[in-house]
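Here are a few friendly exercises to work through with the structure open beside you. Try each task before reading its solution.

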Amino acid sequence: MIELTREEAEAVVGLHAAHVVIYAKTNGTVLSGSSTKNIEQARALVMATIRFDGKIGFPGGFIDPGETWLEGVNRELREELDVDTSNDHLITDDHYVFSFLDKASGFCLHLYACEVTEEKFVDIERGAHDAEHYGFETLGVCRIPLHTSDKGTGLPSFLQHYFIGYAKEELLRALKHTGILSEEEIELAVKIARE
Ligand code: APR
Ligand code: MG
Ligand code: MG
């Protein structure tokens, strides 16, 4: 993964793709251990997708020729999650996080992180089943556990799934960028996931 400045990324000739970490603040709780007594405040709702290839990723995809990054990523949200972005884009430049080059594929990838209300988040989850590409390209949407229990379950377990491309690195970057987790919390989860 080679991180690029926005200007460098804009100059890349070749395939571009953009993906989004959609998240919401919540007052909800989450089961954080094997006992029903292990209940924690959920830090946030963060959405991932289960892709056709069995890997974890984020909604988004390739930018078509002639499209801007924002047009492309908003279209992908329509196709993959049935979010109505035809008039109003859900994703704007305010949500831009970073760009990088995937040396293996040669693709230039862009990450956005978009905060929505909890109500909107649940709407998107429910609506995903009506998306054109649901069941074909997107096999499910899920919430990412963000706690690290004393047994190492939660985020460390989730990080052991297979992720598409650099989606795992994108997730960690988005969690840090948005302040959902502190650097220390992220480092601990990554360390336990490796053990
Ligand atoms: N982070 C980094 N890279 C990613 C991520 C991610 N979160 N998600 C996907 N990629 C990479 C993969 O290499 C992927 O093939 O970007 C490429 C394009 O992203 P997709 O979301 O797969 O593209 P999309 O336009 O939605 O799908 C179109 O392309 O992936 C193929 O055949 C597949 O039917 C699919 C078609
Ligand atoms: Mg797609
Ligand atoms: Mg896609």
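## Exercise 1: Around ligand 1

In this predicted model, a backbone N or O atom of Gly60 lies 3.0 Å from an oxygen atom of ligand 1.

Task: find which side chains also come up to an oxygen atom of ligand 1, and work out what share of the ligand's area the protein buries.

Solution.
- Step 1. Start with Glu80: an N or O atom in the side chain of Glu80 is 2.8 Å from an oxygen atom of ligand 1.
- Step 2. Turn to Glu137, where a polar side-chain atom sits 2.7 Å from an oxygen atom of the ligand.
- Step 3. Now take the ligand as a whole: alone, ligand 1 exposes 650 Å², and the protein buries 78% of that.
- Step 4. Look at the surroundings: ligand 1 has 16 residues around it, and the closest are His19, Phe62, Glu80, Glu137 and Glu170.

## Exercise 2: Two magnesium ions

Task: list the residues that coordinate each magnesium ion, and say which residue bridges the two ions.

Solution.
- Step 1. For the magnesium ion that is ligand 2, the donors come from Glu76 (OE), Glu80 (OE) and Glu137 (OE), at 2.0 to 2.2 Å.
- Step 2. Read these donors along the chain and you get the spacing E-x3-E-x56-E.
- Step 3. Within this site, Glu80 belongs to helix α2, while Glu137 is in the loop between α3 (118-127) and β10; the two are 57 residues apart, and the pair links distant parts of the chain.
- Step 4. For the magnesium ion that is ligand 3, Gly60 (O) and Glu80 (OE) do the coordinating, at 2.1 to 2.2 Å.
- Step 5. Gly60 lies in strand β7 (residues 60-62) and Glu80 in helix α2 (residues 69-81), so this pair ties together parts that are 20 residues apart in sequence.
- Step 6. The bridge is Glu80: this residue coordinates both ions, which are 3.3 Å apart.

## Exercise 3: Buried or partly exposed?

Task: sort Gly60, Glu80 and Glu137 into buried or partly exposed.

Solution.
- Step 1. Recall the cut-offs: under 20% relative accessible area is buried, over 50% is exposed, and partly exposed falls in between.
- Step 2. Gly60 has a relative accessibility of 5%, so Gly60 is buried.
- Step 3. Glu80 has a relative accessible area of 5%, so Glu80 is buried too.
- Step 4. Glu137 reaches 25%, so Glu137 counts as partly exposed.

## Exercise 4: A loop residue and a strand residue

Task: describe where Thr85 and Val141 lie, and what each one is in contact with.

Solution.
- Step 1. Thr85 is found in the loop between α2 and β8 (96-101), and with a relative accessible area of 1% it is buried.
- Step 2. Setting aside neighbours within four places in sequence, Thr85 is in contact with Asn74, Arg75, Arg78 and Leu90.
- Step 3. With Arg78, the side chain of Thr85 makes a polar contact of 2.8 Å.
- Step 4. Val141 is part of strand β10 (residues 138-143), and at 23% relative accessible area Val141 is partly exposed.
- Step 5. Leaving out neighbours within four places in sequence, the contacts of Val141 are Met47, Ala48, Thr49, Leu81, Glu125 and Ala128.
- Step 6. Finally, check a distance: Val141 and Glu169 are 28 residues apart along the chain, and their C-alpha atoms are separated by 19 Å.

Technical notes. Residues are numbered from 1 along each chain as its sequence is written. Chains are lettered from A and ligands numbered from 1 in the order in which they are written. This is a predicted model: local features need pLDDT of at least 70, side-chain atom pairs count only at pLDDT 80 or more; totals for chains, interfaces and linings use all residues. Side-chain values use heavy atoms; hydrogens and water are left out. Donors are N, O and S atoms within 2.8 Å of the metal (3.2 Å for Na, K and Ca); water is not among the atoms, so sites may look incomplete. Helices (H or I, at least four residues) and strands (E, at least two) are DSSP runs, numbered from the N terminus. Buried means under 20% relative accessible area, exposed over 50%, partly exposed in between (1.4 Å probe, protein chains only). Contact means heavy atoms within 4.5 Å. A polar contact is a pair of N or O atoms within 3.5 Å; within protein, one must be able to donate a hydrogen and the other to accept it, and residues adjacent in sequence count only if both atoms are side-chain atoms. A residue is near a molecule or strand if one of its heavy atoms lies within 4 Å of it. Accessible areas come from the Shrake-Rupley method with a 1.4 Å probe; for residues, only the protein chains shown count as cover.
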